[in-house]
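Open your viewer and get ready to click along. We will go from stop to stop, selecting a few residues each time.

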Amino acid sequence: MLIGQTGVYVYYPPPTGDVCSNCVVIGGREKIIIDPGLWHLWPFLEKNIQKELPFETRDFAYVVHTHCHPDHMDAGAYLEERYGLVQAMSREEKEFLDNGGEAIFRWMGLDPPTGTVGKYLEEGSWELADKVLNVYLTPGHSPGGVCIHYPEKKTLIVGDLIFARGFGRVDLAGGDPSELVRSVRRMAALPDVDTIIPGHGPSIVGRERVEKNYEIVFKLLEENGFA
Ligand SMILES: [Zn+2]
């Protein structure tokens, strides 16, 4: 489903009862998949993506993991193997994954991820064939979580940092409430954001709604004693 005029699509997994995340696709000449989700649900997502954005291997360059939780990144290795997509995540998150972070896969009854991180995401601009994205390191929910800003479309993809009327949990391994608050503050200060696409639940579309949502999130952070 295309979100407004952003050129960014969100695909929701089927209602299987699994914990699962939104899959985001940035369209254009060099397409990107962000958070492909659980491997066993990928065929459903792929069918829906194909309907709107006919899938040719050469169109898709990267599969980006906002963070290493299985409900977001599990299908990454499959996409690398099947379509040759380059898996991308922050070095900080990969280090976390390799040093205890993968326990959450076993906890969910899944095998830890395989494959290779072919691109380490760093703070700053990331130039692709037909677009520029800005990468922000936004720890808090996970130590090396990232947000992806697409300034031309005023769109911010936030993973599990914040949601519509909520924020990411900090009680999993690597979570840190004060880091989360700092990351939310940084994202709230970005000038060019009219659309926020979280890793779960609905997108927040429209500048006023974005501002209102930050108000709600900060209030909730305060109520929880985090800010
Ligand atoms: Zn998560």
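Start by selecting Val63 and Gln87: Val63 stands opposite Gln87, which belongs to strand E5. Keep in mind as you look that this is a predicted model.

Now widen the selection to strand E5, residues 86–90, together with strand E4; the two run parallel and are joined by 3 bridges. Strand E4 itself spans residues 60–64. Is this strand mostly covered or mostly uncovered? It is mostly covered, with 4 of its 5 residues buried.

Next, add strand E3, residues 31–34, which pairs with E4 in the parallel sense over 4 bridges. To see one of these pairings, pick Ile34 and look across to Val64, its bridge partner in E4.

Time to visit the inside. Select Ile33, Cys147 and Val158: these residues have the most contacts inside the largest nonpolar core, which has 53 residues. In soluble globular proteins, nonpolar side chains tend to be buried together. Stay with Val158 for a moment. Which residues does Val158 touch, leaving out those up to four places away in sequence? They are Cys147, Met187, Ile196, Ile197 and Pro198.

For the last stop, select Tyr12, in the loop between strand E1 (8–11) and strand E2 (23–26). Why does Tyr12 count as partly exposed? Tyr12 has 17 C-beta neighbours inside 10 Å, and a residue needs 20 or more to be buried, while 12 or fewer would make it exposed.

Finally, add Glu223 and draw a distance from Tyr12, C-alpha to C-alpha: the two are 30 Å apart in space and 211 residues apart in sequence.

Notes. Residues numbered from 1 in each chain as written. Predicted model: local features only at pLDDT ≥ 70, side-chain atom pairs only at ≥ 80, totals over all residues. Core = buried A, V, L, I, M, F, W, Y, C linked by C-beta atoms within 7 Å. Contact = placed C-beta atoms within 7 Å. Pairing = 2+ DSSP bridges.
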